[in-house]
Every structure is written in C-alpha cells, then in structure tokens.
Amino acid sequence: ESQRIIVPSICTKDDLISLGAKEDIIRLIPEAPLLPHVTKEEIEATKKKYQLREDYIYTNGVTVRKNTLNIIKAFNLSKYGKDLKLVLTGRPIGVEIKEERNLRTLGHIEDDRELSAIIVGSKGLVFPSLYEGFGLPIVEAFSLGAPVVTSDLGSMKEVAGEAAILVNPNDVNSIADGIEKMLSMPKTLIAKGLKRAKDFTWKKAAEETLKVYNEALK
C-alpha cells in the first residue's frame, strides 16, 4: 500500500480522492519547464527547416483530448485565420487532419531545441485541452516568453493563474475570441507568463520530493 502519492496539481489530487485515495497521503508537487532557451539563429534555422515562412500560432498535441478539431474550427473562425498559419506538432491520434492552406502539421518533434524554437518563433500557444493532469506546455510557453490561450478548467486554469487567456474549450466561439485577445495583447501576456513561470522550478520540485520520501520513510 502506498505511504504517499505525489501529484502535480490540485485537479489530479481531486481526481484521486474521487477514485477512493486517502487525502492525507497525497502531496502536491507541481512540475516545471524542461525546454531549453534558444538563440535567434536557432529559431531562424528551425523555421527554415520546417518551411515556416509566415507568422503562425502553435498548438501542442493532435488528439481528441487536446481538442484539436475545435482549435482548427476556432482558428478559422477568428479574424486571424486568413493572415496567420496554425502549426500543429505531435503525432495524430484518433484525429484526422485535412491539410488546409492555413494549416501546417509537423508531426512529432524529437529535438527539444527545435520545439523551443517553434514555440518562441510563434505568435503564441493555443492550448484549450479538455483534460490535463498538469499542463506542462503552458508553463513551458510561459518560460520561453510566448503568450498562451488555455482552458478555464481543471489543472490548466490552476497552472495558468492570471497569466493566460482562459476560454471554454467546448465553445468554438470562446476559443476564437481567446485567440484574438491573445494576439491583441502579446506583451502584457508575455510579461505575466515569464513572472508566472518562476513559480515552477525543478529545484523546488526536487526539494519537495525529498521531503515526501523522508516523510514516507519515517
């Protein structure tokens, strides 16, 4: 039987309690950004490699849970659907994407430096997922200085705090409005995101994890 259970968010903690886990053995330790910072030269080289010539916004993951089809519909509905491209990374799982003129699917990006370059080179991350245990892409975008649109529910709302535009992931109009808002106030969101990212460090996570191990050993 588990002495302690470590979770990355209150949302996951609540899910575990609803499944019958004892609340007093659960400990909350948020994750932290892993992606490296990159140079302007790396950003330009990555854009060239993936033929990202125009301005674009970015979304991570191509699955039902990541809400990919609603993101595409919302992007097309927004006033920026004709001026920008929507770039998707990740292997499609259970979702069929029709290639459109304003859509680019890059597949799974193995190289973390390239992924960082794609994020930093974008006009922002659109991440209105239906469910996340934590929502690491949000914190990573914050730490790299990219504005974010994400869901107003669960761990995503928890992780984003007041540093992202929050939308209803089940409402295409809400996501479209969120995209427009994000693109209208990038500097404000970038500043808030960089500040919020400082709340999440692996040093803090390691120290808290060590405390939990010591607790369990006692």
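This is a chat about the salt bridges in a predicted model.

Biologist: How many salt bridges does the structure hold?
Modeller: There are 11 of them. Keep in mind that the model is predicted.

Biologist: What makes side chains pair up like that, in general?
Modeller: Opposite charges can pair when the charged atoms come close.

Biologist: OK, which residue does E215 meet in a salt bridge?
Modeller: That's R4, with an N to O distance of 2.7 Å. The two sit in distant parts of the chain, 211 residues apart: E215 is in helix α9, while R4 is in the segment before β1.

Biologist: Which residues are linked with R4 in a network of salt bridges?
Modeller: R27 and E215 are in that network with R4.

Biologist: Are E215 and R4 buried or exposed?
Modeller: In between. E215 has a relative accessible area of 28%, so it counts as partly exposed. R4 is partly exposed too, at 26%.

Biologist: Switching topic: where are E132 and K66, the pair in another salt bridge?
Modeller: Both are in loops: E132 between β6 and α5, K66 between β3 and α3, so their salt bridge ties together parts that are 66 residues apart in sequence. Their closest N and O atoms are 2.9 Å apart.

Biologist: And are those two buried or exposed?
Modeller: E132 and K66 are both buried.

Biologist: Last one: what does K13 pair with?
Modeller: K13 meets E23 in a salt bridge, 3.8 Å from N to O. K13 is in helix α1 and E23 in the loop between α1 and β2, so the pair joins parts 10 residues apart in sequence. E23 is partly exposed at 49% relative accessibility, and K13 is partly exposed at 21%.

Notes. Residues numbered from 1 in each chain as written. Predicted model: local features only at pLDDT ≥ 70, side-chain atom pairs only at ≥ 80, totals over all residues. Heavy atoms only, no water. Salt bridge = Lys/Arg side-chain N within 4 Å of Asp/Glu carboxyl O. Helix = DSSP H or I, 4+ residues; strand = E, 2+ residues; numbered from the N terminus. Buried < 20%, exposed > 50% of the residue type's maximum accessible area, 1.4 Å probe, protein only.
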